[in-house]
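Hi,

Here is the structure I promised to pass on. Have a look at it first, and then read my notes below.

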Amino acid sequence: MTTHFAGKKILIGALAFSLVAGSGVIIPKQVHAASLTTPFKDVTSGHWAEKHIAKLALQKIIEGYTTTSGAFVFRPSENVSQQEAVLMALRFAGLDKKADLDAIIGFPASFSVSAYFKAYITLAFKEGLLDQEEEYQLAAKDAKVAWGTKPASREWVTKLMVRAIDQREEAEKLQNTASGFSDASQINSIYKGYVNLAAKLELVKGVTTVKFDPKANVTRASLATMFSRAEKLYPVAYEGQVDGIVSRLTDTTLTLYSNKKEMNYAINADTLFYHYNTETPITKQQLLEYGDVTVIAKDGKALYVEVKGDKVYTKTVTGTLDRVIADEKKIYVWINDKPVEVFYDDKLVVADSDGKALALSAIKRDSQISIVQDSFRETPLALKIIAAPQSASTNVKGAFYGASGDLITIMQGTTLVSKFMADTVTVEIDGLSGATIGDLIKEADQVELTLNDSDKVTKVKVVNRNVKMLAGAQIASYVNDKKLLTIVDASGGNAQALYFTDKTRIEYSGNAISLSSAYNLLTLNRKIVISYTGNTIVSLQFVTKYTGSLVSMNAASNLMTIRLDNGSMVALPYNTAYVEHSAIASAGLSDLKTGDLLTLELNNTQDRVAAIKVHSNAQYEVVSVDAGSKKLRVKNAMTAAFDLSVLSTELTNEAGAKLTIDQITAGTLINVSYIGKQAASASTIAATFGKVQAVSASSVTIIDLAGQTVVYNVDAGFVAIKGASQSTATSLITVGDYVEVQKPAANKTQISVAVGESRIFSNYNVSASQIWTEKVSDADNRNYFNVNSNSKYFLNGNAVAVSAFKAGDAITIYGFRNYAIAVVK
């Protein structure tokens, strides 16, 4: 694969060079190629040039060394000599093969070059990478040091690099341009234009934001970084390297759209992920789906993935659904009074405006829909379709008569009516959770059938049978051969004789068991929760605990009363019980309030409460993830960082889909539901950052950090927060505000406005991705702000890079939880 590079063609495949250090020549057989997945032993995670060294090693543009102890190293801090730097530049530019290695070459006595490099230095003079007269003069002025083995300085290498990419004329135009570096006076006049151009093109950066240090020696890590940055503007082609758009991303696969076709690459924990605007690795979750990336792969596995821009290649259109042609995977939509053909594939996501998943076939004809399409294919594919919530088309009522296979039959008057059932059918029976078709009673249940557009039954609701539930009932006797159970209520009265059937559901500690397994538990005075209709037992639960809302606590009678979900009341002795609350270290009975949702765990004899566990909720920010120990380190405004065990916690995303702990990343917001001190469940909260574009009484429109327009409608769950103020109206929000949008629960939207914080810029820490500012007082311990690839920087209203800010600049930072989404000067 070839790529035009500064007017020349470069073929990189076997082409590779060593960033050799010290004096002499390193023969290729002494240097071993870097492992495609293993880092150099001396380039540890967090090294400032890790990204560039990793990329060039995978491209085989740089190589490492195997030491006498067997360690594979790169030697990033060693200096590069001038003659070695020239050879690297020639190889990078694809010119080294033109060197006449058999030629007899002589240089002036003051211009000393090692024999191996003479042909390459001659070629560099010929190709214009070096100015022969200029280099002879420099060598003569410093005759005590051999020109070839002299360590290459930053200013000298900068000129070499700019000439290697054929930008000499552009550099000369900038010769008299004022430099932005404070030590510009130390830059030799013959290099000034080259340094100005290299800084402009971001091929080189200062050792700080204001200092270039022109005379400093160039290390192997620095030179690797320069070549890596040069690829951004002057790409180098490499076998196995592909540019394209991420069309799909899963835990194990990245799908890339390139050259009008899709390619799948395996990804795993060894795959390196980077962003063009940062020096430190990013996570897979930070990849921009439907955005530009470069992939370096081998044998179908992605070894290196770099995000190349912030643009998302999608568009949204709205229209009226006409029809779905499933066999051809396309729909027809009326847009601006014209029928438009829209194609989709198996990855299409369909949901209603509340975020609830829908089947495409469930959307009714003439429904208004929004379609998110990709914009990178010649024939765009629909990625997501959003429709208004779909109501059932028809309902029919009658007496349940029977069900067989896919058919359900009801009696309407004297007529039998049969309907096909959909793949999934919901059955609703008052007092019976998890009901199925098998729980219906023939000719006794009056039912209402809900039909979809295909006239198939999606829901069966029993409208005439009210299953009675008795909580706190006690067993009086059980006759096994008759399957006859006699019970009394909690007071010991109102005896009833009830029968088990083959449809009776029996549960112990939440697990279903058979009647034969329950036999030894059906003993005198055992407490149960029982549901029945007539004299038939519908369900029976052996009681180990109750969950309900606190109604009252009577110290005199020592009875605590709670209301269960079904409305029934349970009263139990409680004075010896202990209390657990997630937010109270040593909770007691005085911490309980009427209305609290509680789980009451019973003692072995089921006659009193042993433990009272309060249900509570908390929102946290994830600080770090320990997947091995199943722990999340979390914090919030009220609580210092602590380790939250999620070993037995249900983890879900904001849509309710289950997650594994390694799918949660630092910085994620989570809602945690506690039962006592145990985190029963935790769900992530989607946070969208952006800038307000428009505000009305009924909606707020923002441009998110990816440049997409998002409209949030004001509904019953809407809340706006600005500083200490809170409102259910949009009046707190104004155009231009930087905001964070959360959907903490279904049908709820929370928009928080970032209050700008005035600061004095100090420096930008590349490795930590942090902006540091001057302290406002000795006690100021939060004078730094975290940034990432989505953070935006503005100078006089124009978007700039963070390098545009100088020490002493007055800036305003907008952000949340010490994360800056916008920095403005």
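In which sense do strand S32 and S33 pair, and over how many bridges? They pair in the antiparallel sense, with five bridges between S32 (residues 597–602) and S33. Before you read on, bear in mind that this is a predicted model.

I'd start with S33, as several strands pair with it. S33 covers residues 609–626. In its pairing with S32, Leu-598 has Val-614 of S33 as its bridge partner. S32 and S33 make a hairpin, with six residues between the two strands. Look in that turn for Gln-606, which has a positive phi of about 60°.

S33 also pairs with strand S31 (residues 578–580), and there the two strands run parallel, joined by three bridges. Val-579 is bridged to Ile-612 of S33.

Further along the list of partners comes strand S37 (residues 669–675), which runs antiparallel to S33 and is joined to it by seven bridges. If you want a place to centre the view, Ser-616 stands opposite Tyr-674 of S37.

Then there is strand S34 (residues 631–636), again antiparallel to S33, with five bridges. Glu-621 has Lys-635 of S34 as its bridge partner, so to speak a charged pair by class. S33 and S34 form a hairpin too, with four residues between them. Lys-630 sits in that turn and has a positive phi of about 55°.Next, the sheets. Seven strands make up an open sheet with mixed pairing, in the order S41-S40-S39-S44-S45-S42-S43. At its edges are strand S41 (709–713) and strand S43 (725–727), each of which pairs on one side only. Neighbouring strands in this sheet are turned against each other by 35° on average, direction ignored. Inside that order, strand S39 (residues 687–695) and strand S44 (residues 738–742) run antiparallel and share five bridges. Gly-690 is bridged to Val-739 of S44.

There is also a closed barrel of five strands, running S11-S12-S13-S15-S14, and its pairing is mixed. Here the average turn between neighbouring strands is 60°, direction ignored. Strand S11 (residues 314–325) and strand S14 (residues 368–374) are joined by seven bridges and run antiparallel. Gly-319 has Ile-369 of S14 as its bridge partner.

Now for the helices. What is the burial of helix H2 (residues 82–92) like? Eleven of its eleven residues are buried, so H2 is largely enclosed by the rest of the structure. The buried set takes in charged side chains as well as nonpolar ones: Glu-84 and Arg-91 are in it, along with residues including Val-86, Leu-87 and Phe-92. Just after H2 comes Gly-94, with a positive phi of about 75°.

H2 packs against helix H3 (residues 118–127): their axes come within 9 Å and cross at roughly 60°. The two helices are therefore oblique to each other. Their crossing is left-handed. From H2, the contact is made by Gln-83, Val-86, Leu-87 and Leu-90, and from H3 by Tyr-120, Ile-121, Leu-123 and Ala-124. By class, that contact has seven nonpolar residues, one polar and no charged ones. The spacing of the contact residues along a helix fits a general point: an α-helix has 3.6 residues a turn, so residues three or four places apart point the same way.

The other helix pair to look at is helix H5 (residues 154–164) with helix H7 (residues 192–200). Their axes come within 9 Å and cross at roughly 70°. That makes H5 roughly perpendicular to H7. This crossing is left-handed. Thr-158, Lys-159, Val-162 and Arg-163 of H5 meet Tyr-194, Val-195, Leu-197 and Ala-198 of H7. Sorted by class, the H5 and H7 contact has five nonpolar residues, one polar and two charged.

If you only have a few minutes, I'd go to S33 and its hairpin with S34, then to H2 with its eleven buried residues out of eleven.

Cheers

Terms used: Residues are numbered from 1 along each chain as its sequence is written. This is a predicted model: local features need pLDDT of at least 70, side-chain atom pairs count only at pLDDT 80 or more; totals for chains, interfaces and linings use all residues. Side-chain values use heavy atoms; hydrogens and water are left out. Two strands pair if DSSP finds at least two bridges between them. Axes are lines fitted to C-alpha atoms, for helices over the stretch in contact, and angles run from 0 to 180 degrees between N-to-C directions. Angles under 35 degrees count as roughly parallel, over 145 as roughly antiparallel, 65 to 115 as roughly perpendicular and the rest as oblique. A crossing is left-handed if the near helix is turned anticlockwise from the far one by less than a right angle, and right-handed if clockwise. Contact means heavy atoms within 4.5 Å. Buried means under 20% relative accessible area, exposed over 50%, partly exposed in between (1.4 Å probe, protein chains only).
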